[in-house]
Amino acid sequence: MVNFGNEWDELLKDEFTKEYYLRLREFLKNEYRTQRIFPGMYDIFNALKLTSYSDVKCVIIGQDPYHGEGQAHGLSFSVKKGIAPPPSLVNIFKEIRDDVGIDNTGRHGELTKWAQNGVLLLNSVLTVRANQARSHHGQGWEQFTTDVIHLLNARQKPMVFMLWGGDAKAKQQFITNPAHLVLKAAHPSPLSAYNGFFGCRHFSQANEFLRANGIEPIDWSID
């Protein structure tokens, strides 16, 4: 049983006894034993550990974790301090600078501060083999993260969902509560950022929505 140390413990307690998750767990046990897997097993659920259910203001859905050495630590798009920000994160910082005037460029790429301030940085798939993008797709993580989205969708307190790229947009069908705001754009990867991510202004739109609903806006700076 995973211990989140917050409301997710009760909300997700039945998830870990479901047949799909028991199969996923056996798969992961073998993968961690025989392969180089990211993030480390104690970092898999960091997004949920750092951002409790009632604290979520914004959900940023990624694809699968970074698959380079030392990059992934359980938060979508984030890397630990000391690791160069990957190109997608560099582009996110560019959009934040152009949208809300906060300049995080040229610094580190750790987004823990966002997570602690209500940004759920959730990948669709929570693990990956080293240097093998999408290598853990289809093993059960998609069901787990969809069930997390269902729980968030059911909450009446408004939140913002940022869906960037195809994998994230595939979750839109599960976000049906009119209390929430869904923002969609191209993925911030250099391959697609110029197809609608740059100029999307999601960060200012999110804060305008939160303010309009009496919720403290998000500080998009990093420490």
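## Two pockets and one strand residue

The residues that line the largest pocket fall into 12 nonpolar, one polar and three charged. This description rests on a predicted model, and the pocket in question, the largest, encloses a volume of about 500 Å³. Of its 16 lining residues, those closest to the centre are Val 2, Tyr 21, Arg 25, Ile 44 and Phe 45. The element that gives the most to this lining is helix α2, which spans residues 19–34 and supplies six residues.

The second largest pocket holds about 360 Å³ of space. Its lining is made up of 22 residues, and Gln 63, Asp 64, Tyr 66, Ser 88 and His 187 are the ones that lie nearest its centre. Sorted by class, the lining of the second largest pocket contains nine nonpolar, 11 polar and two charged residues.

The table sets out the two linings by class.

| Pocket | Nonpolar | Polar | Charged |
|---|---|---|---|
| Largest pocket | 12 residues | one residue | three residues |
| Second largest pocket | nine residues | 11 residues | two residues |

A single residue can be followed in the same careful way. Leu 181 belongs to strand β6, which covers residues 181–185. Is Leu 181 buried, partly exposed or exposed? Leu 181 counts as partly exposed because its relative accessibility is 22%, and buried would require a value under 20%.

Leaving aside residues up to four places away in sequence, Leu 181 touches Met 159, Val 160, Phe 161, Gln 205 and Phe 209. For one of these partners, Phe 161, the separation along the chain from Leu 181 is 20 residues, while the C-alpha atoms of the two are separated by 6.2 Å.

Key. Residues numbered from 1 in each chain as written. Predicted model: local features only at pLDDT ≥ 70, side-chain atom pairs only at ≥ 80, totals over all residues. Heavy atoms only, no water. 1 Å grid on protein atoms, 1.4 Å probe; cavity = no way out; pocket = protein on both sides within 12 Å on 5 of 7 lines; lining within 4 Å. Points joined across faces, edges and corners; volume = space filled by probe spheres on them. Helix = DSSP H or I, 4+ residues; strand = E, 2+ residues; numbered from the N terminus. Nonpolar A, V, L, I, M, F, W, Y, C, P; charged D, E, K, R; others polar. Buried < 20%, exposed > 50% of the residue type's maximum accessible area, 1.4 Å probe, protein only. Contact = heavy atoms within 4.5 Å.
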